[in-house]
Amino acid sequence: MIKPDGVHRQLIGEIITRFEQRGLKIVASKFVHLSRERAEEHYQEHTQKDFFDDLVEFITSGPVMAMVLEGADATRQVRSMVGETDPAESAPGTIRGDFGLDLGRNVIHASDHEDPGANEQEIDLFFDSDELIEYDRIDSEWLYEWLRVCLI
Ligand code: CDP
Ligand code: MG
């Protein structure tokens, strides 16, 4: 999910391009202004944290671009492309490392790959099942060796 700072800073295209070029498939997308209720549910694991109110305030301060990406080991790969929670600790080449400097303005959210089921739960919070589109990327045989048809 591209956060309001990423949207305002016109980074949507740049960020989506990175995911597309990596080989990840966009199966759903939604431009939405989160309600306070949905934001609080999305970040419920942080309810007791001192940054919770500021976080909810920020994430509801403008539109976000929510996306579902599919691909081999997608949740972990997306997290590694996103970088560390703090942009200041994120390596150059990662999204937060290239586009942020401040922990409270870290451009993008991604499901936690170390929290089993978090990705599915977040998909359910943002999308109805009929909003997930099934299709094949035309380059999929060039992205995955195991899909390559043997012609000899
Ligand atoms: O987003 P990520 O999963 O990397 O981090 P998190 O620990 O799940 O925290 C969620 C979000 O809360 C972060 O992305 C930051 O926007 C914010 N946060 C903060 O403002 N101050 C902190 N000390 C930790 C997190
Ligand atoms: Mg998290």
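**Two positive phi values and a one-sided helix**

Hi everyone, let's start with Val107, which sits in the loop between α6 (95-99) and α7 (118-126). Keep in mind that what we have here is a predicted model. Val107 is not a glycine, yet its phi is positive, at about 75 degrees. So is this valine buried or exposed? With a relative accessible area of 0%, Val107 is buried, since anything under 20% counts as such.

Now please scroll back towards the N terminus, to Gln10. Here is another non-glycine residue with a positive phi, this time near 60 degrees. Gln10 also belongs to a loop, the one that joins α1 (4-8) and α2 (12-22). Its relative accessibility is 70%, so Gln10 is classed as exposed, the cut-off for that being over 50%.

From the loops, let's move on to a helix: α4, residues 52-59. Which of its residues are buried? They are Phe52, Leu55, Val56, Phe58 and Ile59. If you look down the axis of α4, these buried residues keep within an arc of 160 degrees, and therefore they line one face of the helix.

And what about the face of α4 turned away from that buried side? There you find the exposed residues Asp53 and Asp54. So which elements cover the buried residues of α4? Among them are α1, α3 (36-42) and the strand β2 (64-70).

If you have the model open, try viewing α4 end-on: Leu55 and Val56 are among its buried residues, while Asp53 and Asp54 are exposed on the face turned away from them. That's my tour for today, thanks for listening!

Conventions. Residues numbered from 1 in each chain as written. Chains lettered and ligands numbered in written order. Predicted model: local features only at pLDDT ≥ 70, side-chain atom pairs only at ≥ 80, totals over all residues. Heavy atoms only, no water. Helix = DSSP H or I, 4+ residues; strand = E, 2+ residues; numbered from the N terminus. Buried < 20%, exposed > 50% of the residue type's maximum accessible area, 1.4 Å probe, protein only. Arc of directions from axis to C-beta. Contact = heavy atoms within 4.5 Å.
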